[in-house]
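Visitor: I would like a close look at a single part of this structure, with pockets as the topic. Please describe how that part is built, and then place it in relation to the rest.

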Amino acid sequence: MQFTSETPTDLTSAAHYAMEQLRHNPIMVFRGEMGAGKTTFIKTLCQQMGITEEVSSPTFSLVNEYRLPDGMPVFHFDFYRIQNESEALDMGIYEYFDSGICLIEWGEKIEGILAKEKHTSVRICEENGKRILTFGN
Amino acid sequence: MNRTDIIILGIESSCDDTSASVIRNGEVLSNVVAGQEIHRLYGGVVPELASRAHESNIVPVVETALRNANVAKSELSAIAFTKGPGLPGSLMVGVSFAKAMSMALQIPLVEVHHMQAHVLAHFAQVPNNPKPLPEFPFLCLTVSGGHTQLVWVTSPMKMEIVGETLDDAAGEAFDKIAKILGLPYPGGPELDKLAREGNPAFIRFPHPRIDKLDFSFSGLKTSVLYHLRDKEKEEPGYTQKNLKDICASVQHTITDILIDKLNLAVKKFKPRDIALAGGVSANSELRKKFGELAQKRGLHAHIPAFEFCTDNAAMIAIAGMFKFQEGIFSDLSAAADPRYQDSQFVTHKP
């Protein structure tokens, strides 16, 4: 499934599709270059899910935690600054996988872990000023 | 030691660095940060080493802090620790240690909010070198790798976040743009160095149009990325050739965005004092513009020494001292809280 948006904010229909996927599979992994719009899309997705807290980049903190209106935790990861997968294991990633919805930026950094976890994959790229989101398994 | 002395041991382990500090009546007797040495050896911030290192660092760091302060454990009035926000595993090391030590010494335990402590770092005094303290109420701009906040501080305990970043933190913008430019991560300080010799008017990057007192830096990151991509197509080698000017233009834009909002907040809150906190306050351009703003508006400007700007335990001890004076203690059921929210530190955007 593919979505193209003219402006960074025009992502609502893709967010609704992502919500539907999360109902079946709570792990969603975002891949794309720096500046492709991963955090921007996750902001829209979180808003559509009813999260009222500020959704910002977890690059420094590695993981931000939000709550859905029903109390379900949403973990927003960013593995940009880790150097190898053991760091993700170190922070207890498997515990997070079992504890709520996991939205993962820079999944490229933990491909070995993700290969063994069922997840929805989202590739984000930019072409001629348009953002293209491709959902896959 | 005077019987009325308040001596606090502060412990900070929220993210990458393990730190311990001893303060007496607001004077910092020691402030030890472990981690930097390890990080320097391995190049940059290495969370794996850091998060595991908390456990092996905590005992030597605390012992060194006590020894450097020339204070015996029996003299401590209380132990203050970072409850959150931060990484669960990292926080837990500091919390468990602080609880065990307070139980063993039979002294009070004080939990501290990490971001509140950054603001209160301004009250850290160095022995024999007193500096003017900010007067309440004041405005504090906290800028670091993980945070960008405008805080209206009405008392040591009561603060409101009146503006914050909607996406990337200012320090993160510096580091990521430095990475785009091929500088090593975290490249903020390197970018600052190169920018000093460049022309800040070389490229005019757009400022985000964000309502009220909030910030945004992710658009700038994208603008830099596209600008370099387009220019490299026309003229291969463009980035390297103009590196200093590009750095200066980026730094000019980031610091302008920060200072513009601070200025807007000054107009709104009309403080007499403004303060800068967090690791990015080391940035030379930001310090310069901060000073100029204060001068233009006739305000007192406060920038803590750099060791109190980055994550450190002295600020935790200072925040702990204020709570200690108010008699606000925790019991042994205290726990790390990665999303810690203090009822006295709230978001209230005008």
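Guide: What follows takes one pocket of this predicted model, then the elements around it, then the rest of the second chain.

The part chosen is the second largest pocket, which has a volume of about 810 Å³. Its lining consists of 36 residues, and those closest to the pocket centre are Thr40(A), Lys43(A), Asp167(B), Ser216(B) and Ser218(B). Residues of both chain A and chain B therefore appear around the centre of the pocket. By class, the lining holds 13 charged residues and 13 polar ones, with 10 nonpolar residues making up the rest.

Which elements supply at least two residues each to this lining? They are α2 of chain A and α7 of chain B, the latter spanning residues 218–234. The largest share comes from α2(A), with seven residues.

Helix α2(A) deserves a description of its own. It runs over residues 38–48, and eight of its 11 residues are buried. The buried set begins with Lys38(A) and Thr39(A), continues with Phe41(A), Ile42(A), Lys43(A), Thr44(A) and Leu45(A), and ends with Cys46(A). Lys43(A) thus has two roles in this description: Lys43(A) is a buried residue of the helix, and Lys43(A) is also one of the residues closest to the centre of the pocket. Just after the helix, Gly50(A) has a positive phi of about 95°.

Why is Cys46(A), in this helix, in no disulfide? The nearest cysteine sulfur, that of Cys102(A), is 12 Å away, whereas a disulfide here needs two sulfur atoms within 2.5 Å. Cys46(A) is also fully covered by the buried criterion, at a relative accessible area of 0%. Over all chains, the structure holds zero disulfides. A parallel case in the other chain is Cys140(B): the closest cysteine sulfur, in Cys309(B), is 9.3 Å from its own, which is too far for a bond. Cys140(B) is buried as well, at 0% relative accessibility.

On the chain B side of the pocket, one residue of helix α7 can be followed further, namely Thr222(B). Is Thr222(B) buried or exposed? Its relative accessible area is 11%, and the limit for buried is under 20%, so Thr222(B) counts as buried. Setting aside neighbours within four places in sequence, the contacts of Thr222(B) are Gly35(A) and Arg131(A). Both of these contacts belong to chain A.

Beyond the pocket, chain B is divided into two domains: domain 1 covers 7–131 together with 308–343, and domain 2 covers 138–304. Their centres, taken over C-alpha atoms, lie 28 Å apart. Where the two domains meet, 17 residues of domain 1 are in contact with 20 residues of domain 2.

Two distances within chain B give a sense of scale. From Leu225(B) to Ala80(B) is 43 Å between C-alpha atoms, with their positions 145 residues apart along the chain. From Asp260(B) to Phe97(B) is 42 Å, also C-alpha to C-alpha, at a sequence separation of 163 residues. Asp260(B) belongs to helix α9, residues 243–269, and is partly exposed at 42% relative accessibility.

Ala80(B) sits in strand β4, residues 78–84, and is buried, with a relative accessible area of 0%. Not counting residues up to four places away in sequence, Ala80(B) touches Ile8(B), Leu9(B), Gly10(B) and Ile11(B), then Val110(B) and Val112(B), and then Ile316(B), Ala317(B) and Gly320(B).

Val112(B) links this strand to a separate void, for Val112(B) is among the residues that line the largest cavity. That cavity has a volume of about 60 Å³, and the structure holds one cavity of 30 Å³ or more. Other residues of its lining include Glu111(B), His113(B), Met157(B) and Lys323(B). Strand β5 (109–113) and helices α4 (114–120) and α11 (313–326) of chain B each supply at least two lining residues, and the largest share, three residues, comes from β5(B). By class, the cavity lining divides into five nonpolar, two polar and two charged residues, whereas the lining of the second largest pocket has 10, 13 and 13 in those classes.

Note on methods: Residues numbered from 1 in each chain as written. Chains lettered and ligands numbered in written order. Predicted model: local features only at pLDDT ≥ 70, side-chain atom pairs only at ≥ 80, totals over all residues. Heavy atoms only, no water. Buried < 20%, exposed > 50% of the residue type's maximum accessible area, 1.4 Å probe, protein only. 1 Å grid on protein atoms, 1.4 Å probe; cavity = no way out; pocket = protein on both sides within 12 Å on 5 of 7 lines; lining within 4 Å. Points joined across faces, edges and corners; volume = space filled by probe spheres on them. Helix = DSSP H or I, 4+ residues; strand = E, 2+ residues; numbered from the N terminus. Nonpolar A, V, L, I, M, F, W, Y, C, P; charged D, E, K, R; others polar. Domains from an automatic or database assignment. Contact = heavy atoms within 4.5 Å.
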